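Okay, thanks for coming, everyone. I'll put the model on the screen, and then we can walk through it together.

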Amino acid sequence: TKRITCNSPTLNIKSNGTDLTWRNLNEQRENSDPSSSMMFPGSHNYPQYKLFPTPFEVSNNAQDYTNSGILFIYQHDIKVHKVINERGPSLGGTPLFVVGEGFIN
């Protein structure tokens, strides 16, 4: 068994003069190429969400990275106010309802 570790540095969005901006999910593409596949093809254009697409690449040795051009979308943290059905049988299968703010669904 091999262990896989994923490091995700904090993104200081303002460091490059940009910020999370209001965007439609149905306009987001997998990369900056206008002919690339849509990330959320069935989504509606409203409501808009504060997003920041940024390149996402992978490395096995922290030196050589892929060059896929795939984008990852940063968004503001969600806020959970309440979880309904906090308990259920140990076998699982109990539906949970999460109430809060900032969910993209």
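**Strand by strand**

Let's start right in the sheet: Thr21 sits across from Leu51 in β2. Two places to keep beside that pair are Arg23, which faces Tyr49 of β2, and Pro55, which faces Leu71 of β3.

Before I go on, the small print. This is a predicted model, where local features need pLDDT of at least 70 and side-chain atom pairs count only at pLDDT 80 or more, while totals for chains, interfaces and linings use all residues. Residues are numbered from 1 along each chain as its sequence is written, and side-chain values use heavy atoms, with hydrogens and water left out.

So what does the protein chain have in the way of helices and strands? The count is 0 helices and 5 strands, and read from the N terminus the elements go β-β-β-β-β. Those labels are DSSP runs numbered from the N terminus, with helices being H or I of at least four residues and strands being E of at least two.

Now the sheet. Here 3 strands make an open, antiparallel sheet, in the order β1-β2-β3. The edges are β1 (21-23) and β3 (71-75); each has a single partner strand, so one side of each has no neighbour in the sheet. From one strand to the next, the twist averages 60°; the axes there are lines fitted to C-alpha atoms, for helices over the stretch in contact, and angles run from 0 to 180 degrees between N-to-C directions.

How many bridges hold each pair? β1 pairs with β2 (residues 49-55) over 3 bridges, antiparallel, and β2 is joined to β3 by 5 bridges, also antiparallel. Pairing here requires that DSSP finds at least two bridges between two strands.

On to the loops. Ser36 belongs to the loop between β1 and β2. Buried or exposed, then, for Ser36? Ser36 is buried, because its relative accessible area is 10% and the cut-off for buried is under 20%, with exposed over 50% and partly exposed in between (1.4 Å probe, protein chains only). If you skip neighbours within four places in sequence, Ser36 touches Arg29, Glu30 and Asn31, a contact being heavy atoms within 4.5 Å.

The loop between β2 and β3 has Ile70 in it, and Phe56 too. Both come out partly exposed: Ile70 has a relative accessible area of 34%, and Phe56 has 43%. The C-alpha atoms of Ile70 and Pro55 are 5.8 Å apart, with the two positions 15 residues apart along the chain. Again leaving out neighbours within four places, the contacts of Ile70 include Glu30, Asn31 and Phe56.

Ile70 and Phe56 also turn up, with Val58 and Phe72, in a nonpolar surface patch of about 340 Å².

Last, the whole-chain numbers. Of the 105 residues in the protein chain, 12% are buried. Take contacts between residues at least 6 apart in sequence, and 43% of them join residues at least 24 apart. The protein chain exposes about 8900 Å², with carbon and sulfur atoms supplying 52% of it; accessible areas use Shrake-Rupley with a 1.4 Å probe, and for residues only the protein chains shown count as cover.

That's my tour, thanks.

Notes: Patches are made of residues with over 30% relative accessible area and no salt bridge: like charges are joined within 9 Å, nonpolar side chains (Val, Leu, Ile, Met, Phe, Trp, Tyr) within 5 Å. A salt bridge is a side-chain nitrogen of Lys or Arg within 4 Å of a carboxyl oxygen of Asp or Glu.
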